[in-house]
Amino acid sequence: GFNSLRVFLWYDVLFTCAPEDAIPVAPTFERFDSLLRLAHERGLRVMVTLNDLPDLVYRPLYTDWPRYDAQTQFIVSRYRSEGTILAWDLRNEGDLDYGGRSPLEARFTASQVLDWLTHVSALVRGADPNHLLTAGWWGDPVPTESAVDVLSFHHWSDAAQLTGRVSDYLSRSSKPVLLQEVGYHSWATAPQDARDEATQATLVQSVTHTAQSAGLAGWMIWTAFDFDPPPGQAPTHEHFFGLWHSDLSPKPALDALTLR
């Protein structure tokens with residue numbers, strides 16, 4: 001019953017190590033081409049998140065623009081006529097980089113991040129005038145307004161707080177608002193806030209029911225599937241947000257959704 005999905009592109013596997021030259025790795029792009037083809041065959045639209053897991057230390061994304069510009073331009077130019085793509089998501093939770101969740105996490109100023117967002121928005125629009133632009137912010141998305149077509153935000157608290165957030169954003173912007181990430185883990189052995197799959201299902205049902213009537217442009221669940229941690233890494237609650245287990249079997253949360 002879903003109609004859209006969101007995927008993340010990692011530039012380090014899409015290109016060789018000469019970033020300004022944007023030399024593509026053909027087999028990796030072919031995998032992405034296959035994903036788009038499969039999505040099209042199933043009637044799914046794809047939101048593509050760019051600039052994921054960038055360098056924020058040696059050649060920082062926000063202050064060394066040429067490090068990623070050519071690669072971003074290559075991607076959006078290649079797919080500018082791809083009807084399966086719903087939108088380009090310019091950056092995932094960039095507000096965390098200027099302390100959107102906690103001032104202690106700030107590594108850059110808000111001006112540095114938002115100036116970069118304005119810059120990359122113009123870059124993408126110049127290479128691809130056909131697709132919508134957004135930027136998925138962890139908190140308040142209104143600061144991204146001038147750079148995007150759709151405001152996107154993420155929500156990790158309960159349904160009761162969602163209505164207030166949506167009303168606030170809609171009152172301060174005339175642009176559509178998308179709940180781009182919402183979800184709850186089902187890790188029963190979490191050190192804190194342990195939940196079972198039944199609790200996850202109840203929370204997902206409640207928040208998506210609220211989202212349906214909140215005046216949003218839409219909502220997207222985080223995530224489709226649980227993650228298996230890399231070898232040697234212990235699991236955390238972050239690995240258990242899926243509607244499906246990592247073996248592709250469904251959880252109760254999937255049946256709890258009302259999909260139109």
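**View 1. Strands E3 and E4 lie side by side in this predicted model.** Strand E3 and strand E4 (residues 132-137) run parallel and are joined by 4 bridges. Within this pairing, Trp88 stands opposite Leu133 in E4. The chain passes from E3 to E4 by way of helix H4 (residues 110-127), and this β-α-β crossover is right-handed.

**View 2. Strand E3 is largely enclosed by the rest of the structure.** Of the 8 residues that make up strand E3 (residues 85-92), 7 are buried, and the strand is therefore largely enclosed by its surroundings in the structure. Strand E2 (residues 45-49) is joined to E3 by 4 bridges, and the two strands run parallel. Here Met47 stands opposite Ala87 in E3. Helix H3 (residues 66-78) carries the chain across from E2 to E3, and this β-α-β crossover is likewise described as right-handed.

**View 3. An open sheet of 7 strands contains both of these pairings.** The strands follow the order E1-E2-E3-E4-E5-E6-E7, with parallel pairing. E1 and strand E7 (218-221) stand at the edges and each has a single partner strand, so one side of each is left without a neighbour in the sheet. On average, and with direction ignored, neighbouring strands of this sheet are turned by 25° against each other. Strands of a sheet pair through backbone hydrogen bonds, either parallel or antiparallel.

**View 4. Helix H2 has buried residues along one face.** Phe29, Phe32, Leu36 and Ala39 of H2 are buried. Seen down the axis of H2, its buried residues fall within an arc of 75°, which means that they line one face of the helix. An α-helix has 3.6 residues a turn, so residues three or four places apart point the same way. On the other side of H2, by contrast, Pro27, Arg31 and Glu41 are exposed. The buried residues of H2 pack against strand E1 (4-8) and helix H1 (11-14), and also against E2, H3 and E3.

**View 5. The length of helix H2 agrees with its number of residues.** Helix H2 (residues 26-41) has 16 residues, which at 1.5 Å a residue should span 22 Å, and because its end C-alpha atoms are 22 Å apart, the expected and computed values agree. After H2 comes Gly43, whose phi is positive, near 75°.

Conventions. Residues numbered from 1 in each chain as written. Predicted model: local features only at pLDDT ≥ 70, side-chain atom pairs only at ≥ 80, totals over all residues. Heavy atoms only, no water. Buried < 20%, exposed > 50% of the residue type's maximum accessible area, 1.4 Å probe, protein only. Pairing = 2+ DSSP bridges. Right-handed = clockwise from strand over helix to strand, strands pointing away. Expected span 1.5 Å × (residues − 1). Arc of directions from axis to C-beta. Contact = heavy atoms within 4.5 Å. Axes fitted to C-alpha atoms, helices over the stretch in contact; angles between N-to-C directions.
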